[in-house]
Amino acid sequence: MLMKKIKGIEFSIISPTMIRKMSALEVKTPDTYDKDGYPMESGLMDPHLGVINPGLRCKTCGQRMKKCPGHFGSLELVRPVVHSEFGRRLEIIMHSTCKECGRIALPDDKIEKYKKMIKTDGVDSVLKKVMAKGKTVKKCPHCKATKSKVLLDKPTNFYYNKERIYTEIREWIEKLAERDYAIFGYDPARVKPEWFVMKVLSVPPITIRPSITLESGIKSEDDLTHKLVDIIRINMRLKDNIEAGAPQLIIEDLWDLLQYHVTTYLDNNTAGVPPAKHRSGRALRTIVQRLKGKKGRFRHNLTGKRVNFAARSTVTPDPFIKISEVGIPKKIADELTVPERVTEWNKEELKKMVKDTDKAVYAIRADETKKRVDETNKEEIAEEIDVGFRIERKLQNGDIVLFNRQPSLHRLSMLAHTVRVMEGKTFKINPIVCKPYNADFDGDEMNVHVPQTEEGKTEARELMFVRNQVISPRYGAPVIILDEDGVSGAFVLTLDSTKFTREETMQYFFEMGLTTLSKPDRGKDYSGKLIFSQMLPKDLNLEYKTNMCKIIQKTMPCKNCTKEKCEHDAYLQIKNGQLLHGVIDDASLGEVSGKLIDELARKYPSTVIEDFYYNVNRVVADLLTMRGMTAGLDEYEVSNHIQKLKSKVIEELLEDGKKLTDKYKRGTLSHLPGKSVKESFENGMMGLAAKTKEKIQNAIMKEKLEPIMSEKPKLNTMVMIVAGSRGSSINLMNIAGFWGQANVREGRPRRGFKNRLITLNKKDDVGVLAGGFIKSSFMDGMDAKEYFYHSMGGRQGEVDTGVSTKVSGYLYRRLANSLKDLVVNNDGTVRTASSELVQYVYGEDGVFPKNTVRGKSIDLEEEAENMKKQV
Amino acid sequence: MIRSFNEHFLVPKHIMLSKEQAAELLKKYNLTLDQLPKIPVSDSAIADLHPARDDIVKIIRTSPTAGKTVYYRRVM
């Protein structure tokens with residue numbers, strides 16, 4: 001193939017000579033069709049301008065409808081008319097030049113000086129200066145004629161010495177010397193400013209403004225044609241009047257009218273010009289309107305690309321389908337098709353499909369002739385089918401489709417699923433795959449695309465299949481993870497205290513598709529750990545500290561870790577696929593940190609992780625329905641002991657705060673390095689508040705943690721905190737303890753009234769309670785002051801989310817757009833679409849993050865373990 | 001005293017490639033000169049090398065992922 005590099009694109013102004021050269025026909029008649037419906041000769045619908053009727057031939061190029069691109073015509077205007085988009089440019093020229101001689105109204109040496117300045121200062125700033133100087137000139141230094149003020153009544157009417165000028169405009173601009181063009185930034189070889197005042201108008205081809213025949217047989221013309229008819233009509237009237245020697249006043253009126261029509265033909269939204277209306281009162285859509293804006297040619301037709309074999313609908317959750325599946329409504333599945341190639345191996349099968357079912361939609365013969373399959377001809381077509389045919393059939397279970405949610409900020413925003421045709425009208429997805437799409441079910445819509453070729457299908461399956469994407473390609477750790485219910489449920493299931501009867505266990509085994517029941521391991525009963533173990537591969541061995549361990553360490557640290565003998569059952573051990581010790585929580589299932597998920601997704605075939613999720617979903621849904629997870633107000637009540645402790649520490653804080661405040665007020669407070677005294681004081685106050693909070697937080701956590709580890713745990717908020725699925729000790733603290741210091745921009749709130757935050761405080765009070773400390777909890781309820789402090793902090797949070805989503809969204813978009821067509825080549829280099837080199841080795845180390853362990857090429861700990869085993 | 005900022009530890013090492021080395025590089029990556037990343041002649045980091053147009057400069061940088069990495073840029 002011949003390849004040429006585009007060196008540049010030049011935009012310029014079309015010359016009248018060019019318009020005439022391009023013209024296939026000079027349009028002279030304002031009428032479009034005659035009485036019999038034939039296009040008028042040299043009218044706007046003359047067949048020289050292109051064909052829109054199938055079967056007819058173009059009189060210019062002789063081609064038929066689809067082949068003929070259409071041809072431009074031209075229209076000679078009897079009087080020159082200002083191009084409305086160039087009024088301002090003409091004004092600039094007029095301000096700086098002499099009407100009589102057309103030279104710039106400055107002495108020659110000055111002109112030369114300004115010409116030289118262009119190189120350093122740029123045209124715009126020089127032109128501004130020239131114009132400002134030219135405006136003030138009263139007498140032309142070249143021809144000594146007097147120079148008067150020019151006024152532009154936007155967009156097209158010019159006044160010279162307070163009098164309307166018509167013919168003079170074009171005459172004036174024509175006088176302009178070519179050597180002066182440079183001052184205005186024009187290149188004499190390409191543009192002549194007098195072209196801004198048009199003597200000839202280009203008439204667009206019919207193909208651009210086709211007439212439509214309505215069902216009633218009435219022909220309806222395009223808006224552009226309407227406007228052109230107006231122009232031609234006035235042009236003719238003006239011509240007749242001039243030839244008849246009509247008074248100047250009438251001619252000028254007609255001229256203005258012609259100017260109006262040309263202006264609105266170009267842009268029907270020109271400021272200061274009433275838009276031209278259709279008979280029905282609708283404003284006409286003329287040239288500028290066609291190009292501009294969201295619905296314009298650029299954004300709507302050129303940038304807005306559309307595809308076939310796609311569908312869009314609302315998404316709804318279905319936890320009982322696999323993560324790699326997507327539920328497609330029957331209605332949509334019947335509309336979308338996939339081509340199936342006939343080979344000698346599937347020939348009989350396809351024949352049967354065509355004959356006996358209504359799955360086949362089209363049969364395409366080897367010579368690409370397409371035939372629709374319907375009730376009447378299916379037997380006949382089935383007979384005809386042979387190797388080389390293609391059958392386009394409806395989508396069916398097991399087909400591969402791409403599924404996508406906008407904004408596609410991610411590789412994972414478009415993944416491949418297998419089809420499951422289902423009832424209903426919505427797409428159904430397993431709630432676990434919401435995460436990569438960032439989808440929820442409050443009305444989100446998503447798109448499917450059906451790959452049409454074997455290459456497309458294979459590529460989708462190998463590179464984009466959901467179950468192969470559990471590990472993030474960005475940081476090499478799990479992204480497709482169990483949702484909050486799943487983690488809480490798995491935690492409850494694997495608690496040591498959870499036991500099931502034989503009947504219950506049978507139900508869970510059934511959910512997992514198992515038919516043989518193991519031996520009970522808790523006397524007559526079954527432990528949740530045993531049930532959970534059924535979902536693990538039989539050769540799995542793992543050992544690590546759970547999330548529960550982390551939380552226990554915060555409140556009541558152990559001296560020595562007893563590992564699997566942990567008294568809290570917080571150390572996890574899986575041997576040969578049996579969960580022996582420990583609970584399953586965020587440390588096993590969570591995002592990034594989930595070690596169990598990491599192991600299953602990395603070391604086993606991808607079906608293992610998919611089935612694991614499928615089983616967990618089913619078992620957990622059942623478990624939580626039967627046992628329940630709830631929250632009640634009594635959970636947030638604290639013991640008297642803690643109430644007392646709470647008032648004690650707050651009192652201490654007030655005391656310490658007062659001491660610090662006094663010290664600050666007396667001026668004896670020493671400052672921290674790099675900080676002013678005031679900053680140091682604020683820092684100190686923040687520090688005091690934070691310390692106070694800490695004292696209480698641990699006490700509350702400890703009190704609330706105990707019931708979880710009892711024989712009969714309550715399944716409530718604490719389960720979520722300990723399992724790590726939702727909430728933290730901070731949330732608990734805010735509800736049951738106290739809120740603590742209100743924060744605005746990493747410090748105590750300080751903006752408000754003069755010398756105080758709110759008018760409830762005394763002026764110049766900088767103490768603890770006046771500085772935004774909230775000693776109440778959500779359970780107690782806040783007092784009026786505290787409510788305001790809390791709102792100050794709340795406002796900042798609201799503003800931050802608003803600003804950061806907007807800013808980071810735009811930054812990300814720009815980054816993604818600039819990087820989108822970079823490709824890693826087989827030699828490891830990163831190159832652009834035109835194979836310019838960007839990196840010599842991808843990422844400088846040539847490592848694909850998806851194959852890393854949390855970003856590191858090698859998991860050193862694991863390698864060390866392996867080596868120990870080998871020794 | 002730092003006489004040239006090339007001595008500063010944050011400025012990566014810039015080395016001029018010989019004609020043969022340059023040709024070899026282009027062959028290795030199957031590149032034409034205009035596909036190479038560019039560096040202005042006036043760049044202070046290569047001022048000591050007295051570069052001419054179309055010379056290729058080898059840059060040895062520290063990298064957060066690979067420790068050390070080599071990059072080539074064409075003088076323009």
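**Notebook: a sheet and two helices in chain A**

I began with one pair of residues in this predicted model, and I noted that A:Leu152 stands opposite A:Phe158, which belongs to strand S3(A). I then looked up how the strands around this pair are joined, and found that S2(A) and S3(A), the latter spanning residues 157–160, run antiparallel and are linked by four bridges.

Next I followed the sheet as a whole. It is an open sheet of three strands in chain A, in the order S2-S3-S4, and the pairing is antiparallel. Strand S2 (150–153) and strand S4 (163–165) of chain A each have a single partner strand and stand at the edges, so one side of each is left without a neighbour in the sheet. For the twist I wrote down an average of 35° from one strand to the next.

I then asked what lies across these strands, and found helix H2 of chain A, residues 87–96, lying across S2, S3 and S4 and running at about 170° to S2(A).

My last entry concerns how H2(A) meets a second helix. H2(A) packs with helix H4 of chain A, residues 123–136, at an angle of about 55°, and their axes are 7 Å apart. That angle makes H2(A) oblique to H4(A). On the H2(A) side of the contact I listed A:Arg88, A:Ile92, A:His95 and A:Ser96, which meet A:Leu127, A:Val130, A:Met131, A:Gly134 and A:Lys135 in H4(A). Sorting the residues of this contact by character, I noted four nonpolar, three polar and two charged.

Definitions and conventions
Residues are numbered from 1 along each chain as its sequence is written. Chains are lettered from A and ligands numbered from 1 in the order in which they are written. This is a predicted model: local features need pLDDT of at least 70, side-chain atom pairs count only at pLDDT 80 or more; totals for chains, interfaces and linings use all residues. Side-chain values use heavy atoms; hydrogens and water are left out. Two strands pair if DSSP finds at least two bridges between them. Axes are lines fitted to C-alpha atoms, for helices over the stretch in contact, and angles run from 0 to 180 degrees between N-to-C directions. Contact means heavy atoms within 4.5 Å. Angles under 35 degrees count as roughly parallel, over 145 as roughly antiparallel, 65 to 115 as roughly perpendicular and the rest as oblique. Ala, Val, Leu, Ile, Met, Phe, Trp, Tyr, Cys and Pro count as nonpolar, Asp, Glu, Lys and Arg as charged, and the others, Gly among them, as polar.
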